[in-house]
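Hi,

Here is the structure I promised to pass on to you. Have a look at it first, and then read on for what turned up.

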Amino acid sequence: MQAASITLFDFDSKLETPFSPRVWATRLLLNYKQIQHKTTWIHFSEIGAVLEAARVPPTRTTAPKYTVPAIIDGENIIADSRAIAEYIERTYPERPVPILAADHQKAIDSAAAVLRPLVVPNVVNHLEGRDAVYFRESRRVMFGKELHEICPASQRDEMIGAFEVALTELSDFVGQANEQGWLFGKDGPAYEDFELAGWFIWAKVAGLPDLWERIESLNDAKWSKLVSVVESYMSVY
Ligand SMILES: N[C@@H](CCC(=O)N[C@@H](CS)C(=O)NCC(=O)O)C(=O)O
């Protein structure tokens, strides 16, 4: 591990494995680069108060204004996963992880937008008390409907089908994986490999089990290969 001690903010939950997709991207990056860090676990319902007290800047102008990942590295306090990735690459250039042009992230975001309604309704099952209440209320505002209306059982199969289509589009965009299994990077990972892996880890950890079962063998199993490749960078500190 490189000498540094970064604080990484992530959500606490009933799950043993952390689930936030964007925080996974940051954690995979830190682990890949062997940068020492420690997670500070926060409750969903306390995110605003905790991050504001830690002087983390808001990432949005409307609720939820404060988001994870956020990091503190000495005097540097950074929020937003991309801004963090850029800072990390600038500050810790060893074991380079390039950040690619915006269209790569756009391709991931398009697939993630179709995945989100499939996983979000199940996240509440991993939260307790005030966190569950906060999650229900904030997602009602975000989605403009109740959690149980986001992915009704009668539409789930069709919605998973739409995600399969989105993945096939993404598969065409990324092409073949390199020898190590990275989809975006050439000689090693690009940051987008960690971003995409973060979404799959989220689906696997926080979604209903049948979701990952349907995804893992799709598109020549390139998604499950990516998840296997990042497994060695999933240590939680
Ligand atoms: N643009 C931000 C988005 C981060 C984001 O949406 N984080 C979610 C968790 S994955 C969050 O913190 N939400 C706060 C909330 O729901 O109150 C980034 O990439 O860091």
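Of the contacts in the chain with a separation of 6 or more, what percentage comes from residues 24 or more positions apart? The answer is 72%. Before you go further, keep in mind that this is a predicted model.

**The chain as a whole**

You'll find ten helices and four strands here. Reading from the N terminus, the order is β-α-β-α-β-β-α-α-α-α-α-α-α-α. With a radius of gyration of 17 Å, close to the 18 Å that the globule rule gives for 237 residues, the chain is as compact as a globular protein of that length. Its C-alpha trace spans about 50 × 45 × 30 Å along the principal axes. As for burial, 35% of the 237 residues count as buried.

**Two domains**

The domain assignment splits the chain into domain 1 (2-91) and domain 2 (102-233). Their C-alpha centres are 20 Å apart. Domain 1 puts 19 residues into the contact, and domain 2 puts in 22. Which element gives the largest share of the side of domain 1 that touches domain 2? That's helix α1 (residues 21-32), with eight residues. Sorted by class, this side of domain 1 has twelve nonpolar, five polar and two charged residues.

**Around the ligand**

There is also a ligand to look at, with 13 residues around it. Ser20, Pro64, Thr67, Val68 and Ser81 come nearest. Helix α1 turns up again here: α1 and α3 (81-91) each supply at least two residues of the shell. The shell is a mix by class, with five nonpolar, five polar and three charged residues.

Val68 deserves a closer look, as one of the residues that come nearest to the ligand. Val68 sits in the loop between α2 (47-53) and β3. Is Val68 buried or exposed? Counting gives 25 other C-beta atoms within 10 Å, and the cut-off for buried is 20 or more, so Val68 is buried. Leaving out residues up to four places away in sequence, Val68 touches Phe9, Asp10, Phe11, Ser20, Arg22 and Val23. Ser20 is thus both a contact of Val68 and one of the residues that come nearest to the ligand. Asp80 is twelve residues from Val68 along the chain, and the two C-alpha atoms are separated by 7.0 Å.

**A hairpin**

Just along the chain from that loop, have a look at strand β3 (residues 70-73) and strand β4 (residues 76-79), which pair in the antiparallel sense over four bridges. One of the bridge pairs to look for is Asp73 with Asn76 in β4. The two strands form a hairpin with two residues between them. In the turn, Gly74 has a positive phi of about 60°.

**A spot in domain 2**

Finally, go to Leu211, which you'll find in helix α9 (residues 209-216). Leu211 has 20 other C-beta atoms within 10 Å and is buried. Which residues does Leu211 touch, not counting those up to four places away in sequence? They are Leu118, Ile160 and Ala203. Glu195 is another matter: 16 residues from Leu211 in sequence, with 19 Å between their C-alpha atoms.

Have fun with it, and write back with any questions.

Cheers

Key. Residues numbered from 1 in each chain as written. Predicted model: local features only at pLDDT ≥ 70, side-chain atom pairs only at ≥ 80, totals over all residues. Domains from an automatic or database assignment. Contact = placed C-beta atoms within 7 Å. Nonpolar A, V, L, I, M, F, W, Y, C, P; charged D, E, K, R; others polar. Rg over C-alpha atoms; globule rule 2.2 N^0.38 Å. Buried ≥ 20, exposed ≤ 12 C-beta atoms within 10 Å, placed from the backbone. Near = placed C-beta within 6 Å. Pairing = 2+ DSSP bridges.
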